[in-house]
Structures are given as structure tokens and as C-alpha cells.
Amino acid sequence: MERDSGTPRLEITVSDPVKQGESINQYVSYKVNTKTDLPDFDHSHSSVVRRYSDFLWLFGELQTSYAGVIIPPLPEKHVIGRISENF
């Protein structure tokens, strides 16, 4: 991880949407990758899988905890659309 002027960095990316489940229980999961050189983290790289509902929860928590701070909105759930069988 490259640094600008020696400032510690935290980089988070969301990628790899994957269809999980069948019919009515179907949902999409996403891979969340974290890279950092902050000393508060035990590992410099980590990856977890999360659902859209997890991002909704986080958005709500951030709005509550940081009232007055602009929290960018999540993309709407339907933007992903139905996943084709060839996905």
C-alpha cells in the first residue's frame, strides 16, 4: 500500500457479487476487501462476504453515530437487477 506524505491509509473495496440461495430465499453477496497500514488493525489485508442488508445496517448506524456528516447513499437494491443463469 502506497502512502502519501506518510499518512496511514485505509482502503476498502466491494466486489464480486454472487447469487446465493434459490427462488424466494435468493440474495446477492459481495466481497469486501480491506487494505491498511493503520496500527489499530491486526492484519494489513482482510476479506469478508456481506449481504446488501449488512450495508443497509451500516448506513443506518453511520447516520445515527455521525449526525450532521454527509454519508453517501447506497445504490438502490434493484440496480443489480435479476441475475441471469449465466452469471
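Leaving aside neighbours within four places in sequence, which residues is Val-14 in contact with? In this predicted model, the partners are Tyr-30, Lys-31, Val-32 and Phe-55. Val-14 lies in strand 1. The C-alpha atoms of Val-14 and Ser-47 are separated by 9.7 Å, with their positions 33 residues apart along the chain. Val-14 has a relative accessibility of 47%, and it counts as partly exposed because that value falls between the cut-offs of 20% and 50%.

Confidence was examined at the level of the chain and of the strands. The mean pLDDT of the protein is 84. A value of 70 or more is reached by 83% of the residues. Strand 3, residues 45-51, has the highest confidence, with a mean of 95. Strand 1, residues 10-20, has the lowest, at a mean of 91. Where pLDDT is low, the predicted coordinates should not be read in detail.

The protein contains three strands and one helix. Their order from the N terminus is β-β-β-α. Strand 2 spans residues 27-36 and runs antiparallel to strand 1. Nine bridges join strand 1 and strand 2. One bridge pairs Lys-19 with Val-28 of strand 2. The two strands form a hairpin, with six residues between them. Gly-21 sits in the turn and has a positive phi of about 75°.

Strand 2 also pairs with strand 3. The two run antiparallel and are joined by seven bridges. Within this pairing, Ser-29 has Arg-51 of strand 3 as its bridge partner. Strand 2 is mostly covered. Of its 10 residues, seven are buried.

Burial was also computed for the whole protein. Buried residues make up 14% of the 87 residues. The exposed area of the protein is about 7,300 Å². Carbon and sulfur atoms supply 53% of that area. Contacts were assessed by sequence separation. Among those with a separation of 6 or more, 32% are between residues 24 or more positions apart.

A nonpolar patch appears on the surface. Leu-10, Ile-12 and Phe-41 make this patch, and its area is about 280 Å². Ile-12 belongs to strand 1. Is Ile-12 buried or exposed? Ile-12 has a relative accessible area of 52%, so it is exposed under the cut-off of over 50%.

The loop between strand 2 and strand 3 holds Pro-39. Pro-39 counts as exposed because its relative accessibility is 72%, against a cut-off of over 50%. Pro-39 and Pro-8 are 31 residues apart in sequence. Their C-alpha atoms are 8.5 Å apart in space.

In summary, strand 2 has antiparallel partners in strand 1 and strand 3. Seven residues of strand 2 are buried. In strand 1, Val-14 is partly exposed, whereas Ile-12 is exposed.

How values were computed
Residues are numbered from 1 along each chain as its sequence is written. This is a predicted model: local features need pLDDT of at least 70, side-chain atom pairs count only at pLDDT 80 or more; totals for chains, interfaces and linings use all residues. Side-chain values use heavy atoms; hydrogens and water are left out. pLDDT is the predictor's confidence in each residue, from 0 to 100. Helices (H or I, at least four residues) and strands (E, at least two) are DSSP runs, numbered from the N terminus. Two strands pair if DSSP finds at least two bridges between them. Patches are made of residues with over 30% relative accessible area and no salt bridge: like charges are joined within 9 Å, nonpolar side chains (Val, Leu, Ile, Met, Phe, Trp, Tyr) within 5 Å. Accessible areas come from the Shrake-Rupley method with a 1.4 Å probe; for residues, only the protein chains shown count as cover. A salt bridge is a side-chain nitrogen of Lys or Arg within 4 Å of a carboxyl oxygen of Asp or Glu. Buried means under 20% relative accessible area, exposed over 50%, partly exposed in between (1.4 Å probe, protein chains only). Contact means heavy atoms within 4.5 Å.
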